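Trainee: Please pick one part of this model and go through it closely. I would like the cut-off behind each term where it first comes up.

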Amino acid sequence: WPPYLRAAAMAAADGVFDTLPPYLAKFGYLAESAELWQPGAQDSQPQLGFHVRRHEEDEGHTVYIVECSLSIARARPTSWQTRRRLRSLREALHDGVKSQLGSAYEEHFSAAPFAH
């Protein structure tokens, strides 16, 4: 299993997802479960953003500086930076998105150099 699926399976086994909706509600996110938003909660659906500003070399590896943001209509946005290697980004983000989009992946990302 890819690392992100292993982590999700472990979290589910630990009961983490049972406490997710009340935890998210503290921040204004109206989740019905770990997989569904509450009906009619369109304005509470979060927007997650990633922007790679630059990269650095670190002990022979290229490390990308990723600016992340999470926002919702009724709450103050949150932003942070993280450092990730390309392999990490590919396994934790790219591969899952590509799998979920299936044949629509090329339509959205055909011009993106990272996506192939």
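Mentor: A hairpin joins β2 to β3 through 2 residues. This is a predicted model, in which local features need pLDDT of at least 70 and side-chain atom pairs pLDDT 80 or more, while totals for chains, interfaces and linings use all residues. Residues are numbered from 1 along each chain as its sequence is written, and side-chain values use heavy atoms, without hydrogens and water. Strands (E, at least two residues) and helices (H or I, at least four) are DSSP runs numbered from the N terminus.

Strand β2 covers residues 61–72 and pairs with β3 in the antiparallel sense, over 9 bridges; strands pair if DSSP finds at least two bridges between them. Strand β3 is made of residues 75–85. Two positions show how the strands are set against each other: tyrosine 64 stands opposite arginine 84 in β3, and valine 63 stands opposite arginine 85 in β3.

On its other pairing, β2 meets β1, again antiparallel, through 11 bridges. One of the partner pairs there is phenylalanine 50 with cysteine 68 in β2. β1 and β2 also form a hairpin, with 2 residues between them. β2 therefore has antiparallel pairings with both β1 and β3, and each of these pairs is a hairpin with 2 linking residues.

The turn of the β1–β2 hairpin holds glutamate 59, in the loop between the two strands. Glutamate 59 has a positive phi of about 55° although it is not a glycine. At 77% relative accessibility, glutamate 59 counts as exposed (over 50%; under 20% is buried and partly exposed lies in between, with a 1.4 Å probe and protein chains only).

Within β3, consider threonine 82. Its relative accessibility is 18%, so threonine 82 counts as buried. Leaving aside neighbours within four places in sequence, threonine 82 is in contact (heavy atoms within 4.5 Å) with Tyr64, Ile65, Val66 and Cys68. Two of these residues came up above: Tyr64 as the residue opposite arginine 84, and Cys68 as the bridge partner of phenylalanine 50. The side chain of threonine 82 also has a polar contact of 3.0 Å with the side chain of arginine 84. Such a contact is a pair of N or O atoms within 3.5 Å; within protein, one must be able to donate a hydrogen and the other to accept it, and residues adjacent in sequence count only through two side-chain atoms. In a regular strand the side chains alternate between the two faces of the sheet.

Next, the charged side chains. Side chains of opposite charge can pair when their charged atoms come close. The count comes to 5 salt bridges, each a side-chain nitrogen of Lys or Arg within 4 Å of a carboxyl oxygen of Asp or Glu. Arg54, Glu56, Asp58 and Arg83 are linked in a network of them.

Glutamate 56 takes part in two of the bridges in this network. With arginine 54, the closest N and O atoms are 3.5 Å apart; with arginine 83, the closest N and O atoms are 2.6 Å apart. Arginine 83 lies in β3 and glutamate 56 in β1, so this pair ties together parts that are 27 residues apart in sequence. Three members of the network count as partly exposed: glutamate 56 because its relative accessible area is 28%, arginine 54 because its value is 42%, and arginine 83 because its value is 39%.

After the strands comes a salt bridge in helix α3, between arginine 87 and glutamate 91. Their closest N and O atoms are 3.1 Å apart. The two residues are 4 places apart in the helix, about one turn. Arginine 87 counts as exposed because its relative accessibility is 58%, whereas glutamate 91, at 27%, is partly exposed.

To put the part back together: β2 is antiparallel to β1 over 11 bridges and to β3 over 9 bridges. The salt bridge between arginine 83 and glutamate 56 adds a side-chain link between β3 and β1. Threonine 82, one place before arginine 83 in the numbering, is buried at 18%, while arginine 83 is partly exposed at 39%.
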